[in-house]
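Biologist: I'd like to learn how to read a protein model. Could you walk me through it?

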Amino acid sequence: MTSQLSSENSGAAHAHLLPTKVASVTLAFWVMKILATTLGETAGDFLSMTLNLGYYVGFGITFAALLVILFFQIATRRFYSPLFWLAIVATTTAGTEISDMMDRSFGLGYMSGSIVLTLGLLASLGVWYFRDAKLDVVHVSRRDTETLFWVAVLFSNSLGTAFGDFLTDNMELSYVAGAIVTAAIIGIVVALHYLTKISDVLLFWVAFIFTRPFGATFGDFLTKPIEKGGLNLPRGDASLVTLGLLIVVLLLSMRMTRARTRVAQPA
């Protein structure tokens, strides 16, 4: 019995020492998260609306791509920044299709859809906490833990999409006003992080959820008709521009990380 406990503790300690599979939560992380959500919104609408594939076909395409990307992301033992952010973009794109399908194909509405997605997010986080007794996004190395992380990410991105659409469709806010509301919420989260002792894990997931509608409303602002408060840019063009910005920030972040690593290494 003692040897078994010792083996389990050793395995847990070994897992803790493994390199994390989640990007460091820095300012660059949140900038890329917002760009990824904007890209997910415009790319998802490009598939279902511009290409006129519909929500079912659009969801099938995005979910199949998501499964393939997550297979490689979870299978690899090391953290690869481009692969991680590709997975984030895939979850935001699939999240767009999930939210729109629940509202327009299933007829649930954004409020009911948000409730369903909130319950799904809480369930995935609950299973994660039950298994690990924590929700540590800093040391995600085991494959089972990483799987739960990505399930929670998919639910949170879908929930963020539904909330953003609720602000603009149900509450009839303009896209700029919707972005201001979500930006204010994110600002409150940042203030709570620095001024209070509220759990960083809780604040992380709140910020993670609300960066989604912030990026989504910005994506709608770029592509929706002028009479609805948008800029009426083609969804394909908006997606390419956002993708370019994401790649630039990603490359700069990777360069800064390599520079910090070289400085930290002993001479």
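Modeller: Let's take the core, one helix and a surface patch in turn. This is a predicted model, where local features need pLDDT of at least 70, side-chain atom pairs count only at pLDDT 80 or more, and totals for chains, interfaces and linings use all residues. Residues are numbered from 1 along each chain as its sequence is written, and side-chain values use heavy atoms, with hydrogens and water left out.

Biologist: Which residues have the most contacts inside the largest nonpolar core?

Modeller: A nonpolar core is a set of buried Ala, Val, Leu, Ile, Met, Phe, Trp, Tyr and Cys residues joined through side-chain atoms within 4.5 Å. Buried means under 20% relative accessible area, exposed over 50%, partly exposed in between (1.4 Å probe, protein chains only). Here the largest core has 51 residues, and Phe84, Trp128, Phe149, Trp150 and Trp205 have the most contacts inside it. Helix α4 gives the most to this core, with 10 residues. Helices are DSSP runs (H or I, at least four residues), numbered from the N terminus.

Biologist: What span should α5 have?

Modeller: The expected span is 1.5 Å times one less than the number of residues. For the 24 residues of α5 that gives 34 Å, and the end C-alpha atoms are 35 Å apart, which agrees. After α5 comes Ala133, with a positive phi near 60 degrees.

Biologist: Is Leu51 buried or partly exposed?

Modeller: Leu51 counts as partly exposed because its relative accessibility is 42%. You'll find Leu51 in the loop between α2 and α3.

Key. Helices (H or I, at least four residues) and strands (E, at least two) are DSSP runs, numbered from the N terminus.
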